[in-house]
Amino acid sequence: MMVAVGYSNLSGAPMIEVDDPWAPNQGSHYLITYSEYVDAANNHKHWSDFYNFGNL
Amino acid sequence: MARMLSPIVLCVLLTGLASEMYSQHPKSASRSSKADQSADQAADFALGMLRRSITSTNYAQFGFANVEEVQHMTLGSGVPLFYVRADQLSKYTPGSDPGSLMIPTQRRLYPVLVNGSGRLIITLENQNGQWKLVSFGQQAIADQLSKIKHDKASHSRGPGGSEDNYFALQIPSMHLNFLAYSPAPGPGGATETKQHVNLLALDSPASMQHSIGFQNTDFLAKNPAFTPEKEGTKSATDVFTALAPQASSAMSGNAPR
């Protein structure tokens with residue numbers, strides 16, 4: 001599970017900016033292509049997005 | 001510059017279920033070639049894209065000390081990337097060929113260096129003969145990837161003595177990353193050499209201890225040199241034997257609704 005925090009278009013490629021809580025106590029920050037966000041064979045597959053959430 | 005989003009939490013299933021089996025052993029993919037040269041050129045182009053993406057507002061998130069460092073970025077040498085799937089790892093039997101679990105990805109990882117230190121990784125993928133950008137990131141292992149390969153190749157004999165023999169190995173569902181090397185392939189090579197894939201840890205000891213792969217095992221305690229700092233080497237057979245019982249746990253869970 002990770003957090004999408006931004007988007008951009010890089011030389012025609014739609015990119016998503018991601019905060020990933022792994023590694024523990026460090027985290028990581030990525031720019032990934034939209035197709036990578038959707039699926040990467042033998043690595044991951046998109047499940048669900050949660051948005052418009054907040055404190056109860 | 002990236003536009004900001006309200007945070008969206010993304011759920012992904014690590015390690016897909018479709019089986020794309022290995023037509024290529026890792027030892028046959030870790031050699032320099034014309035394909036590597038075209039990948040190098042694409043990585044150089046991606047480095048220019050990266051320079052344009054890092055600004056005064058996001059440089060720290062990408063692991064840079066200041067925005068001026070962006071102008072000093074250079075490209076390290078790339079390595080092919082292989083995956084290991086948890087469902088296949090769970091069936092691994094000690095002594096069998098660990099290379100048969102290593103799935104070629106058509107991807108290469110390039111460390112981005114500043115003053116010789118790895119800051120992040122550019123990932124490229126060969127799509128229909130053309131190398132395309134996949135991602136910028138993986139700050140946690142960038143320095144280790146560039147440093148360990150150089151150190152080991154400089155101080156090793158045999159297959160570990162050539163940087164061309166190295167490749168990266170990821171087990172996505174366990175958040176584990178390794179640098180690997182193996183003897184040169186060769187027609188008619190002895191069967192036992194197939195089992196001589198050696199692994200070096202790229203993840204920090206804390207990260208490995210938190211990984212589901214090493215939880216409930218004494219592998220790390222028994223192998224204290226298996227860290228990026230100590231550059232200890234373990235055979236893929238030994239590592240996979242330790243990880244296999246944990247692999248089914250890594251696969252468990254249902255899609256969130």
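Colleague: What share of the contacts in chain B between residues at least 6 apart in sequence joins residues at least 24 apart?

Modeller: In chain B that share is 66%. A pair is called a contact because the two C-beta atoms, placed from the backbone, lie within 7 Å. In chain A, residues 24 or more positions apart account for 0% of the contacts with a separation of 6 or more. This is a predicted model, where local features need pLDDT of at least 70 and side-chain atom pairs 80 or more, while totals for chains, interfaces and linings use all residues. Residues are numbered from 1 along each chain as its sequence is written, with chains lettered from A and ligands numbered from 1 in the order written.

Colleague: What makes up the secondary structure of chain A?

Modeller: Chain A has one helix and five strands, in the order β-β-β-α-β-β. They are called helices and strands because they are DSSP runs (H or I, at least four residues; E, at least two), numbered from the N terminus. Chain B has six helices and 10 strands.

Colleague: Why is B:Phe240 in H6(B) called buried?

Modeller: B:Phe240 is on the list of buried residues of H6(B), so 20 or more other C-beta atoms, placed from the backbone, lie within 10 Å of its own. B:Leu243 is also listed. Among the elements covering the buried residues of H6(B) are helix H2 (86-89) and strand S8 (176-181) of chain B. Buried residues make up 43% of the 257 residues in chain B and 29% of the 56 in chain A.

Colleague: Where in helix H6 of chain B does a kink lie?

Modeller: At B:Ala244, shortly before B:Pro245, with a bend of about 45 degrees. That value is the angle between axes fitted to the seven residues ending there and the seven starting there.

Terms used. Buried ≥ 20, exposed ≤ 12 C-beta atoms within 10 Å, placed from the backbone.
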